[in-house]
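Colleague: I'm new to this structure and would like a close look at a single part of it. Could you pick one helix and walk me through it, then show me a bit of what lies elsewhere?

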Amino acid sequence: MFLFYSPSGRFMRKSETIQQLGPIFRATNAARPVLLLGAGASFSSGVPLADESVRRLAKTVYADRVMHGSVPSYRVKASEWERWLAEHHWFRPDLDLAENFPLVVEHLLRPQEYRRDQLLRLMQPTKSLGDGYLAVADFVRRGLVRTTLTTNFDPCLPMALDSLRPHLPSHSEVNRTSGDLAEFDLYSRSQIVWLHGKAEGYSDKNLIEEVAEIDPALKSRLLPLLEDSPLVVIGYRGAEPSITRDLLLSAANDGRSFRKGIYWCVRGEEDLHPNVQELQEALKGNFFPIRIDGFDEVMAELAEALEGEDLYVTRESAQTPTGGEPFDERPLPDGDISEVDLDLALVTLQEYCANLNRQVVTRETLLPLMRELGLLLSVDGKEVPTNGCFLLFGKNPRARYPHAVTRTTIADKRRTVFEGNLLSQRRELLDWIALEGINPTLRVKRGSLHEEKSAYANRALVELMINLLVHRDYERKEPAVINVEPGEAIEFRNPGKLSDDLAKKITFDDAGRFHPIKNGTDARNRSLCDIFLGIRAMEWKGTGLPDVEELAEASGGDASFRVSTTGNFTARITRLPATAGSDDVARDDRPIGTYVFNILPALTLPQSVTRLKISERPNEKSCPEAYAAGVVIIRDREIWSFSSPGLLKAAFAPIALECTEFARSDLEESDDQRRIISWLIRRHFEQHLNTFSEQGLVLEGGRGSRRAYFAGVDGKPRALKYDSPKRRNIRREVVKQRAEGERAWFENEGFGYGATPFDDKWGIRIKPFYMFTGKDALTPLPSFARGAKATRRMKFDRNKNVEDDLTFWSRFLGQGRQTLNIGQETCDELIFDSAFLTVDLLTTSEDKPA
């Protein structure tokens, strides 16, 4: 049972206490509470309190320095260490053992490296995380708590937050090292502020002079937050002057009233510390002492009382549809967020935020941003994607909306259907309209000279394609259609008439034809338009169709637009006949050359890299849980990984020493440390390649090998199918038999790979090659035999083969997706483009791409 002490002086019952604390955390409260956690919060997780810490440290130092390591610390008797400790002139027997903690740290834990090692060992939780920390992490996930202050050095809170990955992918940590305030943000979604620093960074403050005052720079950041937020203190006695006196009391004496209240939890029948009593006197009615059984107990009670509370869902609940919303803003019927490709959503919204000068979105802030943009809604307490979200980022939109595809034909024949989400359709249609058979290059005569130019202005085709995707009526059970009339025109047809308001501003002829007007916007699907605008694929201002008219005329063709009586929109763009002359155009139509590089560019990378120093090299016996850390590399007695420090330390706990996070940008400045990033990316990619073993892809054995190739099927050839912008279900024989009988050998397709930096980015380089194997279609032939066959095979390679190879490998590695998430569970922000890097450059007739 716990009691609440009211300003009037009476203690309230437990239920009344929750009635007081509950509203502070509820999503409807405008101000988010700030938690201040002390050592008492970590006790149930196996982290000792200050008095027990003194006992353990005294026994350890006694065993190390008095007994010279001849006996382990757990065998040191109380009669030995207590007498020995009391003999030190600095020891204060008149104080509680807990109050001697800073004196023990100052005088016994020397030098600094010894102090760091002992504190790290002392603060490691020896039990499962307590329910209180898990409740705090869940509150953070739901947005009920954003900032947690702690005087502790233990990793319990980061471990609790990490346990909710990927729903809570990351958090900011402030003051890990002295002056480390870069990540502090008043509006952070999830941040830990280490008030006394961290032992790993030698910034821990334990000595009497160290805990007398708080860092002035940190104080100046915290006070605005605390002034406008309820402060809930749990598990902290308030003994350090730096917190109760220098941070809180001095602010109160300077006129800060902490008008949102300070709620100070006291365990059992303990009295408030004198420092806290002085603070209570200064704040009067804005200070509330609360008696609790313990951290876990009060948090469990709060978790029960706040079940179903979610800041993000609650804020959207007012937007829960009533039936009159546009189709793209309605919730997906019986939908679930698992149907959304969050990797694609992340990289798309990162581009969206960059273009709109918004704060960069991370895994941590992805779902809140999607809620803000109306892509996620609350329906009966469940988070559901909207139809627009599903059309944009859905994993399999055709399963629910089979008509949401784009069908292309040439002369009403040779049909190709582009399916998938709209971003995928856009990407593939961009490739398709650039094909020579769709937009051919014409030799346009000009007097005695001629020039080469595309039959259609590429921008005009792009405008019409985007218009077709974002403005169609997806409630109509009809696909969008693009038909190429060879040598004449391209027609774009999609279901969806103009809005009544726009139609009033336009003049139609008897056949429904009209001329578009400038700034005539008809945004049927506003959420689709919003995302396409954010990635700079379109504009709100209604300039698309007028631009198509101008571009078509400038290219010697024409554009017309029509709405049929059945409500279908048709745009038709004609081209300059090949035999016609060329008019001057008031536009720069210099040809553009497209260069394709054999690099899969990184779309998002982790911002930090973790280094864990270890006492010995790990093995299965010493670190049976090491696999849980994901991909790591070991250099001497260091482990490097993209995984979080908490995850890494937990996986290698028996041999773990110092754990440090480095900014990736800092490592990239050094050639030696840049190799660490390269190795980690490569190892993650190899882990991704292992997922293709069922399709026959094997990694070449041998130290230093960086190649993969296909193996045959039980000593026979192997074939796979893939799609290209030109055709579907292309059959490709990736393992071919080249001889019969005992001298049989096979030609196996493969590729070399490696992580490579370019400009200020990273990519995975892919270099196709052929592996020549024996009659089992798996074992490579001797090197001298492979060399001769490779020489002969090169005679048959042309640029066309190279282009087809890259297309195949792009489609195979991406498995139909736009992104490659090679980080998976342990590293959520390691995502690469599944398409090779393409660069458009202005060229001249003398400077064409090879």
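Modeller: Here is a walk along one helix, followed by a few other spots.

Keep in mind that this is a predicted model. The helix to look at is α13, which covers residues 342-355. Let's begin with its length. At 1.5 Å a residue, its 14 residues should span 20 Å, and the C-alpha atoms at its two ends are indeed 20 Å apart, so the expected and modelled spans agree.

Now for its two ends. At the start of α13, Asp 341 points a side-chain oxygen at the backbone nitrogen of Asp 343, reaching to within 3.2 Å of it. Past the other end comes Asn 357, which has a positive phi, near 55 degrees.

Is α13 enclosed or not? Ten of its 14 residues are buried, so the rest of the structure largely encloses it. Buried here means under 20% relative accessible area. The buried stretch takes in Asp 343, Leu 344, Ala 345, Leu 346, Val 347, Thr 348, Leu 349 and Gln 350, and Tyr 352 and Cys 353 are buried too.

Let's stop at one of these residues. Gln 350 sits in α13, and its relative accessible area is 13%, so it counts as buried. Leaving out residues up to four places away in sequence, Gln 350 touches Val 361, Leu 603 and Thr 604. Gly 534 is 184 residues from Gln 350 in sequence, yet their C-alpha atoms are 9.7 Å apart in space.

Gly 534 also leads us to a neighbouring helix, α20, made of residues 526-534. The axes of α13 and α20 are 8 Å apart, and the two helices pack at an angle of about 70 degrees. That angle makes them roughly perpendicular. On the α13 side, the contact is made by Thr 348, Leu 349, Glu 351, Tyr 352 and Asn 355, and on the α20 side by Asp 530, Ile 531 and Gly 534.

Further along the chain is α14, residues 363-372, which is mostly covered, with eight of its ten residues buried. Those buried residues include the charged Arg 363, Glu 364 and Arg 371, alongside Leu 366, Leu 367, Pro 368, Leu 369 and Met 370. Just after α14, Gly 374 has a positive phi of about 80 degrees.

For another pair of helices, try α18 (residues 458-470) and α21 (residues 544-554), whose axes come within 9 Å and cross at roughly 150 degrees. The two are therefore roughly antiparallel. From α18, Arg 459, Ala 460, Glu 463, Leu 464 and Asn 467 make the contact, meeting Gly 544, Leu 545, Asp 547, Val 548 and Leu 551 of α21. The crossing of α18 over α21 is left-handed.

Two single residues round things off. Arg 176 lies in the loop between β5 and β6, and it is buried, with a relative accessible area of 17%. Its side chain makes a polar contact with the side chain of Glu 183 at 2.7 Å, and another with that of Glu 661, also 2.7 Å.

Leu 283 belongs to helix α10 and is buried, with a relative accessible area of 7%. Setting aside neighbours within four places in sequence, Leu 283 is in contact with Ala 252, Arg 256, Ser 257, Phe 258 and Ile 262. Of these, Arg 256 is 27 residues away in sequence and 9.0 Å away, C-alpha to C-alpha.

How values were computed: Residues numbered from 1 in each chain as written. Heavy atoms only, no water. Helix = DSSP H or I, 4+ residues; strand = E, 2+ residues; numbered from the N terminus. Expected span 1.5 Å × (residues − 1). Buried < 20%, exposed > 50% of the residue type's maximum accessible area, 1.4 Å probe, protein only. Polar contact = N/O pair within 3.5 Å; in protein donor to acceptor, adjacent residues only side chain to side chain. Axes fitted to C-alpha atoms, helices over the stretch in contact; angles between N-to-C directions. Parallel < 35°, antiparallel > 145°, perpendicular 65-115°, else oblique. Left-handed = near helix turned anticlockwise from the far one by under 90°. Contact = heavy atoms within 4.5 Å.
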